[in-house]
Amino acid sequence: MRTVLVTGPGGAGRTTVAAATALAGSRHGARTLLISADVIPGFPSGTEPAQVTDSLWSVRTDSAEHFRSELLALQDQLSGVLGLLGGNQLDGEELTELPGSDQLALLHTLRRAARGDWSHDGYDLLVVDLPPLREALAVLALPEQLRRYLRRLLPQERQAARALRPMLAQLAGVPMPAQWLYEAAARRDAELAEVQALIEDRATTLRIVAEPGPAAEDALRTARTGLALHGLRVDALVANRVLPRHSSDPWFAALAAQQEKCLDHWREEWAAEASPAEVAHLGRDPQGPADLAALTGGDAALAVDERGTGRAEDPWWIEESGTPDGVDGPDGPDGPDGILIWCLRLPGAVKKDLQLVRRGSELLLTVGPFHRIVPLESALRRCTVSGAALTDGVLRVRFTPDPDLWPRTS
């Protein structure tokens with residue numbers, strides 16, 4: 001299944017472009033599902049997929065309903081404990097969603113779409129209307145982060161056999177976590193793994209929507225580094241609401257000139273990733289599929305390639321340089337051939353906004369407002385960090401083999 005994730009700075013019309021992208025895909029014969037949290041004019045607003053055209057369906061995420069169902073299910077699991085504590089159970093009608101519930105609802109909807117819960121025949125194209133750019137990056141990083149938390153808090157390899165748990169609780173003097181907690185964590189980890197696999201799939205790409213102008217230019221320059229940090233591939237930078245270039249009105253002519261200057265910058269900065277696609281200003285808010293079709297100019301501007309070119313592998317790589325004294329093995333199992341250099345492409349990053357911390361078998365990276373914890377390869381875990389440099393948009397971290405962990409030469 002081909003997946004296109006649509007986001008952009010707030011107020012740039014990303015929902016409109018997401019709907020137009022889905023419509024363009026369906027007009028080329030792809031069975032298409034559009035996912036959005038917003039009500040789109042001319043589209044059904046139900047929380048189950050509803051048909052828009054012969055090959056286009058849409059579904060709306062309902063964060064409030066998802067929050068209620070998840071919390072009530074958890075309350076049922078804890079009913080015994082709550083009864084012992086004298087707690088009063090909550091009714092669904094008195095539950096109001098908490099901040100962050102919309103992100104979890106979106107991940108739940110993505111998992112259902114990836115599993116084919118709504119269609120026996122499946123979909124050829126999945127178009128997802130994400131939140132604004134900064135929040136969208138946080139949502140896409142969430143499955144990886146939550147899985148890490150689960151592994152740290154409830155490592156599966158440390159759960160004891162059910163028959164031994166009462167004895168271990170007496171020996172330790174503290175109650176052991178209930179087996180259902182491990183089982184619930186394992187189920188949640190499997191669900192998050194499905195969403196993470198969808199996000200990291202080669203057929204999944206990101207489509208950024210922005211209205212040309214100084215504010216969007218700054219937002220995209222910052223977000224570009226975050227996209228690289230998380231290994232997300234942009235298949236198109238959509239310049240939305242582009243004004244006619246020639247106008248007799250001086251006010252409109254000045255705005256159009258400002259947009260054209262911004263577009264020139266985008267063509268230069270994003271040339272290696274995705275050249276801008278232009279969507280003209282309709283002169284009014286789109287009110288249905290007919291207006292969306294008019295925006296795309298025959299669907300060419302928002303066409304979706306069938307295979308996609310998203311992340312095929314991790315966005316970092318390892319190089320070798322030099323051979324430290326006392327370390328053996330250019331070709332064999334005795335050790336690496338010299339110093340290992342861990343590389344990560346970070347376009348737009350600046351040294352003052354970069355923080356790097358080695359913690360055990362992980363590397364903690366901070367680039368401006370973006371954070372990621374990266375597990376190290378097994379070879380790097382037996383090395384010490386001996387330096388780092390950021391040059392030409394590439395972060396290079398030097399790892400020197402630890403003599404105590406690598407066999408020495410004879």
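This passage walks through a predicted model of a protein, from its overall make-up down to a few single residues.

Start with the big picture. The protein has 410 residues, and 43% of them count as buried. Its chain forms 11 helices and 15 strands. Contacts often bridge long stretches of chain: if we take those between residues at least 6 apart in sequence, 69% join residues at least 24 apart.

Next comes the inside of the protein. In soluble globular proteins, nonpolar side chains tend to be buried together. Here, the largest nonpolar core has 62 residues. The members that touch the most others in this core are Leu33, Ile35, Leu110, Trp266, Trp342, Leu346 and Phe399. A separate core of 23 residues lies apart from that one, and its members include Ile40, Phe43, Val127 and Leu295. Isoleucine 35 is worth a closer look. With neighbours within four places in sequence left aside, isoleucine 35 is in contact with Val59, Thr61, Leu106, Thr109, Leu110, Ala113, Leu126, Val127, Val128 and Asp129. One of these partners, Val127, belongs to the core of 23 residues, while another, Leu110, is listed with isoleucine 35 in the core of 62.

Now for the way the helices pack, beginning with H4 and H5. Helix H4 covers residues 101–115 and helix H5 covers residues 133–153. Their axes are 10 Å apart and meet at an angle of about 70°. An angle from 65 to 115 degrees counts as roughly perpendicular, so H4 is roughly perpendicular to H5. The crossing of H4 past H5 is right-handed. On the H4 side, the contact is made by Asp102, Gln103, Leu104, Leu106 and Leu107, and on the H5 side by Glu135, Val139, Leu142, Pro143 and Leu146. Sorted by character, the residues of this contact are seven nonpolar, one polar and two charged. Leu106 of H4 takes part in this contact and also touches isoleucine 35.

H5 has a further partner in helix H8, which runs over residues 214–229. Again the axes are 10 Å apart, but here the angle is about 10°. Angles under 35 degrees count as roughly parallel, so H5 and H8 are roughly parallel. Leu133, Arg134 and Leu137 of H5 make this contact with Ala219, Leu220, Thr222, Ala223, Gly226 and Leu227 of H8. That set of residues splits into six nonpolar, two polar and one charged.

H8 in turn packs against helix H9, residues 250–269, at an angle of about 15° and with the axes 10 Å apart. This angle makes H8 roughly parallel to H9, and their crossing is right-handed. From H8, Pro214, Ala216, Glu217, Leu220, Arg221 and Arg224 meet Gln258, Cys262, His265, Trp266 and Glu269 from H9. Five of the residues in this contact are nonpolar, two are polar and four are charged. Two names here turn up elsewhere: Leu220 also takes part in the contact of H8 with H5, and Trp266 is among the residues that touch the most other members of the largest core.

A few single residues round out the picture. Glutamine 196 sits in helix H7, residues 179–200. Is glutamine 196 buried or exposed? Its relative accessible area is 13%, so glutamine 196 counts as buried. Not counting neighbours within four places in sequence, glutamine 196 is in contact with Pro143, Glu144 and Arg147. Pro143 is also part of the contact of H5 with H4.

Aspartate 353 lies in the loop between strands S10 (339–345) and S11 (354–359). With a relative accessible area of 32%, aspartate 353 is partly exposed. Beyond residues up to four places away in sequence, aspartate 353 touches Thr366, Val367 and Gly368. The C-alpha atoms of aspartate 353 and valine 367 are 5.5 Å apart, although 14 residues separate the two in sequence.

Finally, there is the backbone to consider. Most residues other than glycine have a negative phi. Arginine 241, though, has a positive phi, near 60°. This arginine 241 is in strand S7, residues 234–242, and is partly exposed at 27% relative accessibility. Aspartate 392 also has a positive phi, near 55°. Aspartate 392 is in the loop between strands S14 (383–391) and S15 (394–401), and its relative accessible area of 82% makes aspartate 392 exposed.

Conventions
Residues numbered from 1 in each chain as written. Predicted model: local features only at pLDDT ≥ 70, side-chain atom pairs only at ≥ 80, totals over all residues. Heavy atoms only, no water. Axes fitted to C-alpha atoms, helices over the stretch in contact; angles between N-to-C directions. Helix = DSSP H or I, 4+ residues; strand = E, 2+ residues; numbered from the N terminus. Parallel < 35°, antiparallel > 145°, perpendicular 65-115°, else oblique. Left-handed = near helix turned anticlockwise from the far one by under 90°. Contact = heavy atoms within 4.5 Å. Nonpolar A, V, L, I, M, F, W, Y, C, P; charged D, E, K, R; others polar. Buried < 20%, exposed > 50% of the residue type's maximum accessible area, 1.4 Å probe, protein only. Core = buried A, V, L, I, M, F, W, Y, C linked by side-chain atoms within 4.5 Å.
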